[in-house]
Amino acid sequence: MKKILSLCAVFPLLFSCSSVDSDKIIEQLTLEEKVGMLHGATMFSSGGVDRIGIPPLKYADGPFGIREELQDHSWAPVGLTTDSATFFPTGSALAATWSEEAAYLYGKGMAQEARTRGKDMILGPAVNIQRIPTGGRTYEYLSEDPYLSSRITVGYIKGVQENGAAACVKHFAVNNQENNRGSVDAVVSERALREIYLAPFRAAVCEAGALGVMAAYNKVNGSWCAENKVLLSQILRDEWAFRGVVISDWGGTHSTVDAALNGLDVEMPGDTFFGDALIEAVQNGDVPEDVIDNKVRNLLYVRERVPAIDPDKANKKEVSTPEHLKMVYDIALQSVVLLKNDKNALPLELKTSKGNKLKIAIIGETAAQTNALGGIGAGVKAKIEVTPLQGLKDRIGDLATIVYEPGYTSYTAQDRMKGGVLGGVVLAGTGSTLGAGRVGHQLDEERLNAAKAAAQDADVVLFFAGDNREIETEGADRTNIYLPSMQDQLLKELEKVNSNIITVVVAGAPLDLRNVDKLSKAVVLSWFNGSESGHALADILLGKVSPSGRLPFTFPATLNDSPAYALKAYPATEKAVYKEDIYVGYRWFDAQHIRPLYVFGHGLTYTTFEYSNLEINGQEVSFTLKNTGKVEATEVVQLYVHRKTSKSGVEWPDKELKAFKRVTLKPGDSSVVTLVLAPDALQYWDSAAHAWATTEDPLEFRVGSTSADIRLTSR
Ligand code: BGC
């Protein structure tokens, strides 16, 4: 076994140190001025020093759009008319593009809007691994897979930082549940921590040069993230050579001395621990002044790279420009996932076989709902959000007849408040039996009858199911993955009067779609997909573009098939023991031989692809891809590595994603595709040696269209 000592050695550090200037600045500052920079000055800024012209650092939520302006010391909006923004597809939607380039454009757009709004550091991307399907922030996070998460993270951060703003990758680390996030201790093995949970953070720092890291609310292996010596000092600073600033999550600091000594730089948003208490700790000798100087140096390092915007110039210009709307349209278009398509039910033909205009019944409230705001988490005051219903009307015009019926009543903010969701208590109201939408809730007779009448009269039913941002929300996990609001029951009723059903699921996380899959000819996953969501969806449904999104997570058939649930490792209140270890997502389903409903990496197109001529050359894998169907389409080719035996004795998952690429081909065209493994792709974490290592275990390369549909295998 070969040990690899320097963790960042494979990626050259992007920045060189220029501490001389900062040292000169630091010499001029009093202790009070220095400490004044280490805590919140307002809800979304940390202090500057007016006397010598150091401006405050301005932060902006969040991962998927620049949040509206809030009052200095409360969460209440200021109420400007100039602070609306573009709503970008949420995290899992972005990851479903399987495109680092799309992530780069996303980051670029976010940076441009942040700067126009006068912000320095974007509080994103949010990159925690999607450990449980019910996680409240699964929609905000990227993937269950560390490699896919890492590629999207790197694209996003480079896009942000090469366009003038700083990125703050969050939530460091192992913040995989929302219930009890402020108290839970995530107990995780060294190997799972390194290979799974820290992977996107390591890529963010070592490869993309992230300027900010946000410490999470929870504890990891017994210590709060905002004072965790292993995470903040040993891993982040010493191993990864992080040069930027570590800020706490909002209200996530728990001490003065431990947090200061172990690596937190800035307490947000107040000054309970890093205000007078920190000055006193220095004066008492509990915290050396050098430690304070280092924190200021980290802040100046960021400031040097991201100059402040003149406050008089902020929030003056329109941010949600046509260019940005086009950008989010392009990203949304690449993210929509076609889960099922029996007998080419999609794309929709707008004329019937008799040449009449198609009669379409659009049923389900998620068709008409916006998703930019909601839950208790950061949202976007979107200037524009095209709903699926609007998108379909815009694109179809009078070429077909559209009738809309809400069918069911969606879960609302009021319902959530009644359920006492705040503070991480279970999200009341998503029921506990198949299809139950809310405890004790029934389908509304009038809505049901109107929906059935519309379905009966239509040629095709477009059924809209899924969640909204009150159900998938920061601060609370879902109690199950059943479709809310009696959607399964409604679908069964509709199927009795018209079996030509296409279901569109609007959600950011896995749902139990067994019933939907059974009763629908086609199933499409449309995500919480940003300002142009409705237009992108309509263009996919109508066949203007072939779908090309791929699942960034596994859709289990039932919740209990998923690892943490199967092992009763979740729900967890005080200690969450990560018993599944490295077997997260598809790694678990493979190991247990459980068939999920839709596998990781799944997604259909409107064409067919043929794979041939596999060639392996060291860490390069090449093959020929041919579009054998009738329309242009993009295939997402995926490379998984399998170990044939383990002579070394190391335990391996059945397969791990190591490379992927989007390849667009016209009908009949073919292309030689080369996938290159990263230099560190074959490493594993040797827990006994506390180091990365490689083995001589024989490899098998598997090239596929999904994680289960493997088309070529090396000998
Ligand atoms: C969230 C962060 C967010 C911060 C500021 C916290 O509750 O966990 O992701 O950036 O609030 O809004």
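# Ligand shell and salt bridges: worked exercises

An oxygen atom of the ligand sits 2.9 Å from an N or O atom in the side chain of lysine 170. Keep in mind that this is a predicted model.

**Exercise 1.** Work out which other side chains place an N or O atom beside a ligand oxygen, and how much of the ligand the protein covers.

*Solution.* Start with arginine 137: a side-chain N or O atom there is 2.8 Å from an oxygen atom of the ligand. Then take tyrosine 217, where the distance from a side-chain N or O atom to a ligand oxygen is 2.9 Å. Both pairs pass the 3.5 Å cut-off for a polar contact. Now for the cover: on its own the ligand has 310 Å² of accessible area, and the protein covers 95% of that.

**Exercise 2.** Describe the shell around the ligand by class, and pick out the residues that come nearest.

*Solution.* Go through the classes: the shell has 7 charged, 6 nonpolar and 1 polar residues. Next, rank by distance. Of the 14 residues around the ligand, the nearest are Asp61, Arg137, His171, Asp249 and Glu474.

**Exercise 3.** Arg137 and Glu474 are both on that list of nearest residues. How do their side chains meet, and which parts of the chain does the pair tie together?

*Solution.* First, the contact: arginine 137 and glutamate 474 form a salt bridge, at 3.5 Å from N to O. Second, the location: arginine 137 is in the loop between strand S5 (121-122) and helix H5 (146-161), while glutamate 474 is in the loop between strand S15 (460-466) and helix H16 (487-497), so the bridge ties together parts 337 residues apart in sequence. Third, the surroundings: arginine 137 and glutamate 474 are both buried.

**Exercise 4.** Of the 44 salt bridges in the structure, take the one between lysine 34 and glutamate 289. Is each partner buried or partly exposed?

*Solution.* The closest N and O atoms of this pair are 2.8 Å apart. Lysine 34 belongs to helix H2 (residues 31-36) and glutamate 289 to helix H11 (residues 289-305), so the bridge links parts 255 residues apart in sequence. Lysine 34 has a relative accessibility of 3%, so it counts as buried. Glutamate 289, at 34%, is partly exposed.

**Exercise 5.** Try the pair aspartate 709 and arginine 711, then say which residues are joined into one network by salt bridges that share partners.

*Solution.* The side chains of aspartate 709 and arginine 711 meet in a salt bridge of 3.0 Å, N to O. Aspartate 709 is partly exposed at 30% relative accessibility, and arginine 711 is partly exposed at 34%. As for the network, shared partners join Arg137, Glu140, Glu178, Arg181 and Glu474.

Conventions
Residues are numbered from 1 along each chain as its sequence is written. This is a predicted model: local features need pLDDT of at least 70, side-chain atom pairs count only at pLDDT 80 or more; totals for chains, interfaces and linings use all residues. Side-chain values use heavy atoms; hydrogens and water are left out. A residue is near a molecule or strand if one of its heavy atoms lies within 4 Å of it. A polar contact is a pair of N or O atoms within 3.5 Å; within protein, one must be able to donate a hydrogen and the other to accept it, and residues adjacent in sequence count only if both atoms are side-chain atoms. Accessible areas come from the Shrake-Rupley method with a 1.4 Å probe; for residues, only the protein chains shown count as cover. Ala, Val, Leu, Ile, Met, Phe, Trp, Tyr, Cys and Pro count as nonpolar, Asp, Glu, Lys and Arg as charged, and the others, Gly among them, as polar. A salt bridge is a side-chain nitrogen of Lys or Arg within 4 Å of a carboxyl oxygen of Asp or Glu. Helices (H or I, at least four residues) and strands (E, at least two) are DSSP runs, numbered from the N terminus. Buried means under 20% relative accessible area, exposed over 50%, partly exposed in between (1.4 Å probe, protein chains only).
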